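Trainee: I'm new to this one and I'd like a close look at a single part. Could you pick a helix, walk me through its surroundings, and then work outwards from there?

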Amino acid sequence: MPSRFLQFRRRFADYLATFVAAGLSIFVVGVLIAIFAYLVIKGAGSVNWAFLTHTPKPVGEIGGGMANAIVGSAMILGMASLIGIPFGIGAGIYLAEYGRNRLGSLIRFTADVLNGVPSIVIGLVAFSLVVRRQGHFSAFAGAVALAIMMVPTVARTTEEMLLLVPQTVREAAFGLGIPQWRTTISITLATARAGILTGIMLAFARIAGETAPLMFTALGNQFWSFSANQPIAALPLQIYTYALSPYEDWIRQAWAGALVLVILIVSTIAVVRFLFGRSVLREAS
Amino acid sequence: MAAAPERRIPDGEQTGQAADPVFANTMATPETPRISLVTTAQKTPSWTRNLFTLDVGFHGLMLGAALTVLAVVGLILSELLQSSSLAWHQFGFHFFGASAWDPVAGDFGALPFIFGTIVSSLLALVIAVPLALSVAVFVTEMCPKPLRKPISFATELLAAIPSVIYGLWAMFILVPLLRVHVAPPLMKYLGWTGLFSGPMYGYSMLAAGTVMAIMIIPIISSITREVLAVVPQHQREAALALGATRWEMIRLGVLKNARAGIIGAIILGLGRALGETIAVTLVIGNTPQIAKSLLAPGYTMASVIANEFNEATDSLYVSALIEIGLALFLVTVIVNILAQLLVWTATRGAPARSNA
């Protein structure tokens, strides 16, 4: 009976498709669990007080830590945020409040393009813009590279969040005679602040793990440095250097550093999720 | 503007035009009418004018911030063009077709790196696309509701892991795994294709493609999910009402409708893979060669920059590396524009990355 065979085939194809899709999805989740499991297994034993408070030991000596890299990362990220966030929010405000025109579309499009530029290229550009002009590697150059990466993400999320604010809210403010700039700052921006903050933190989480833009800018440093004008250590850079090293102890520390970095990033995202409970994670990708 | 400054503006322009040959000088002298124009405007403040200028100022400030986005992209392009001009003048288009890479002799060709970038990215796509589409289809169409959030959260978490950590994991877990458990059967059963031949040391195109695949799964699957979500519900209902099984409904009613957007998502993933640096550099083996076998080591455009830029001493070497960066920039920009357009047509004007 051909019709019964056909029916069987259709039903079989349905089961097979469900089975395959479910199986592959479980596989992807499994890969994630495997990565986290290895991070914890390999890293947890080495994250201790010395790791968090000491600087790297000279080659051959066991011990030491990544304290200077953790502080260095914090400094670079802080400077990058100071540069990147104002520009990002400003661009977002422009796009949402004034950008319903040709220029707005162009900027929106360019921001999306900038978002897709490989981070290593941004590093090259920061090198020729800052390092070559200053004549030396510096924490500031690294911050510029990361700030460039932050701007498009912050701008686009700010725009999206501002557009969520109902037009009637703006009209109510105009009706009270409040000028537009004041409306934008005190009312529209304030209404959308949770979403904007989310965007900022996700952009932050994204740049926190970047290695490539720092290689030719911040360069890395085995010692303490608190100057914006000196080469500085950064956690991702230190992990990269240690991963490539032939020393058992450095590789152990690379895993520890990786665990610290992941905890930092995942907790940023968890805080965002907890506070705002919105599925905006993919912006971090 | 009010009447008072308007009387002055033509004055200023006339002076400017009259003194055309020394225009720059006129601008610099403090006694130009342009300056007095500003002071006149300040002398007549009424509160409405004040508000007006504040509004204009705010608009200008925000516009300035937005224009930095354009300026940054312009700067990237001009800096790369400028810094790579030496290599461009030396080698011209031949740079992209030559496979010599000899810094000592000053002979540079980018072909092995272009080859490595393309092959590893395509390999990543081959591995990632089925997985990413499965996740997207499973989460939006098949999966029981309570599982939906955890699975999408897990894939999104994959996106948040930094490249260097993928690299570390790939170096110490994935590479040995591939060498011991994956490469031997591939060589045995698919060795005749020539794609899986020769000795496998672990660090290979295959390892790079695999780790990149894991990294681009979240991008492809999250954008595909967005695209699937815009397929009208009645398409699904119509298919089911005609007696389609669920899979037929997905295949004919959903996937077919979302085709353009899914292709866009895949191309966006490709864009990300092309520029991926750190994880790839750690596992690809960094050997500038064009090998047919995927088990052989290779080199990519991004990794050669990462590895050699800080050691490049003479200016031709630096310039050659920057030219590779320029090529990488242009290719990813084109790929991204293509993808944005496809996703944009699929979501019909809604911002491509909107999550609102």
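Mentor: Let's begin with one helix of chain A and then follow its neighbours outwards. Keep in mind that this is a predicted model. For chain A the mean pLDDT is 90, with 96% of the residues at 70 or more. There's a weak patch, though: over residues 279-285 of chain A, pLDDT stays under 50. Even so, the model has 26 contacts beyond four places in sequence for that stretch.

Our part is helix H10 of chain A, residues 235-244. Is H10(A) enclosed or open? Eight of its 10 residues are buried, so the rest of the structure largely encloses the helix. To count as buried, a residue needs 20 or more other C-beta atoms within 10 Å of its own. If you want to find the buried ones, look for A:Leu235, A:Pro236, A:Leu237, A:Gln238, A:Ile239, A:Tyr240, A:Tyr242 and A:Ala243. And what does the covering? From chain A, the cover includes H3 and helix H11 (248-276). Chain B is involved too, with helix H8 (163-190) and helix H13 (278-283) among the covering elements.

Now follow one of those covers, H3 of chain A, which spans residues 67-98. Besides helping to cover H10(A), H3(A) packs against helix H9 (residues 193-208) of chain A, their axes coming within 11 Å. The two axes cross at roughly 140°, and H3(A) and H9(A) are therefore oblique to each other. The crossing is right-handed. On the H3(A) side, the contact is made by A:Leu77, A:Ala80, A:Ser81, A:Ile85 and A:Ile89. H9(A) answers with A:Ile196, A:Ile200, A:Phe204, A:Ile207 and A:Ala208. Sort the residues of this contact by type and you get nine nonpolar, one polar and no charged.

Before leaving H3(A), glance at the loop between helix H2 (49-53) and H3 of chain A, where you'll find A:Gly63. With 11 other C-beta atoms within 10 Å, A:Gly63 is exposed, the cut-off for that being 12 or fewer. Setting aside neighbours within four places in sequence, A:Gly63 is in contact with A:Ala50 and A:Lys57. From A:Gly63 to A:Ser46 is 17 residues in sequence, and 9.7 Å in space from C-alpha to C-alpha.

Since chain B helps to cover H10(A), let's see how the chains meet. The contact takes 77 residues from chain A and 79 residues from chain B. On the chain B side, helix H4 (residues 47-83) gives the most, with 20 residues. That side of chain B divides into 54 nonpolar, 19 polar and six charged residues.

For a helix pair across the two chains, try helix H4 (residues 102-116) of chain A and helix H15 (residues 315-346) of chain B, whose axes come within 9 Å and cross at roughly 125°. H4(A) and H15(B) are therefore oblique to each other, and their crossing is right-handed. Here A:Asp112, A:Val113 and A:Gly116 meet B:Thr332, B:Val333, B:Asn336, B:Ile337 and B:Gln340. The residues of this contact divide into three nonpolar, four polar and one charged.

Finally, chain B as a whole: it has 15 helices and two strands, and 45% of its 356 residues count as buried. Among contacts in chain B between residues at least 6 apart in sequence, 74% join residues at least 24 apart.

Terms used:
Residues are numbered from 1 along each chain as its sequence is written. Chains are lettered from A and ligands numbered from 1 in the order in which they are written. This is a predicted model: local features need pLDDT of at least 70, side-chain atom pairs count only at pLDDT 80 or more; totals for chains, interfaces and linings use all residues. Helices (H or I, at least four residues) and strands (E, at least two) are DSSP runs, numbered from the N terminus. Two residues are in contact if their C-beta atoms, placed from the backbone, lie within 7 Å. Axes are lines fitted to C-alpha atoms, for helices over the stretch in contact, and angles run from 0 to 180 degrees between N-to-C directions. Angles under 35 degrees count as roughly parallel, over 145 as roughly antiparallel, 65 to 115 as roughly perpendicular and the rest as oblique. A crossing is left-handed if the near helix is turned anticlockwise from the far one by less than a right angle, and right-handed if clockwise. Ala, Val, Leu, Ile, Met, Phe, Trp, Tyr, Cys and Pro count as nonpolar, Asp, Glu, Lys and Arg as charged, and the others, Gly among them, as polar. pLDDT is the predictor's confidence in each residue, from 0 to 100.
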